[in-house]
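Reader: I'm new to this one and would like a tour of how it is put together. Could you take my questions one at a time?

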Amino acid sequence: MAANDTIADMLTRIRNANLARHQTTEVPSTKMTRSIAQVLKNEGFIADFEEVGEGVKRNLVIALKYKGRGRQPIINTLNRVSKPGFRVYSTCKDLPRVLGGIGIAIISTSGGIMTDREARRSGLGGEVLCYIW
């Protein structure tokens, strides 16, 4: 199935897999989804990811993380901020702090995809893609 908003599709697949307590989920592989998955891995929200398939039919297999014996998901909330019909941009001074620094905002900057903390440290602003906590 073709998705116009690959980021929202990725976030929805991760959200649904978390709710169903799946170990892994597959999302279509693009440069953007690979970059977001790398940020999520670096921040400790997912265990790992790998690219499978060939040519146009490449997918990312994302291994989700859970905590405790009750298998509570590490990711509580995924919110898409900037949408194809309504883009949200922010300067480095106005970058949002998610839950007072507990969560992260993923920002698309001229230096690549990064968290709000990294963008503030680099002095870069950009498009606010999503909030995760």
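Reader: Across which strands does α1 lie, and at about what angle does α1 run to β1?

Author: Keep in mind that this is a predicted model. Helix α1 spans residues 6-19. The strands that α1 lies across are β1 and β3, and the angle to β1 is about 165 degrees.

Reader: And α2, which strands does α2 touch, and what angle does its direction make with that of β2?

Author: Helix α2 covers residues 31-42 and packs on the sheet. Its contacts there are with β1, β2 and β3, and its direction makes an angle with that of β2 of about 155 degrees.

Reader: What is the strand order in that open sheet of three strands?

Author: Start from the edges: β1 and β2 stand there, each with a single partner strand, so each has one side left without a neighbour in the sheet. β1 pairs with β3 in the antiparallel sense over five bridges. Put together, the order is β1-β3-β2.

Reader: Which residue in β3 is the bridge partner of V27?

Author: Strand β1 runs over 24-28, and β3 over 59-64. Look in β3 for the bridge partner of V27 and you land on L60.

Reader: Which element gives the largest share of the largest nonpolar core?

Author: Nonpolar side chains tend to be buried together in soluble globular proteins. Here the largest nonpolar core has 25 residues, and I14, I36, L40, I46, I62, I106 and I132 touch the most other members. Two or more residues each come from α1, α2, β2, β3, β8 and β10. The largest share, five residues, is from α1.

Reader: How many residues are in the other core, the one that lies apart?

Author: Its members include V98, I107, M114 and V128. Apart from the largest core, then, there is another one, and its residue count is eight.

Reader: Is C130 buried or exposed?

Author: I106 touches C130, along with others including L129 and I132. The relative accessibility of C130 is 0%, and buried means under 20%. So C130 counts as buried.

Reader: How many disulfides does the structure hold?

Author: A disulfide is a covalent bond between the sulfur atoms of two cysteines. C92 is partly exposed at 24% relative accessibility, and its nearest cysteine sulfur is that of C130. That sulfur is 20 Å from the one in C92, which is too far for a bond. The number of disulfides is zero.

Terms used. Residues numbered from 1 in each chain as written. Predicted model: local features only at pLDDT ≥ 70, side-chain atom pairs only at ≥ 80, totals over all residues. Heavy atoms only, no water. Disulfide = S-S within 2.5 Å. Buried < 20%, exposed > 50% of the residue type's maximum accessible area, 1.4 Å probe, protein only. Core = buried A, V, L, I, M, F, W, Y, C linked by side-chain atoms within 4.5 Å. Helix = DSSP H or I, 4+ residues; strand = E, 2+ residues; numbered from the N terminus. Contact = heavy atoms within 4.5 Å. Pairing = 2+ DSSP bridges. Axes fitted to C-alpha atoms, helices over the stretch in contact; angles between N-to-C directions. Lists of a residue's contacts leave out its neighbours within four places in sequence.
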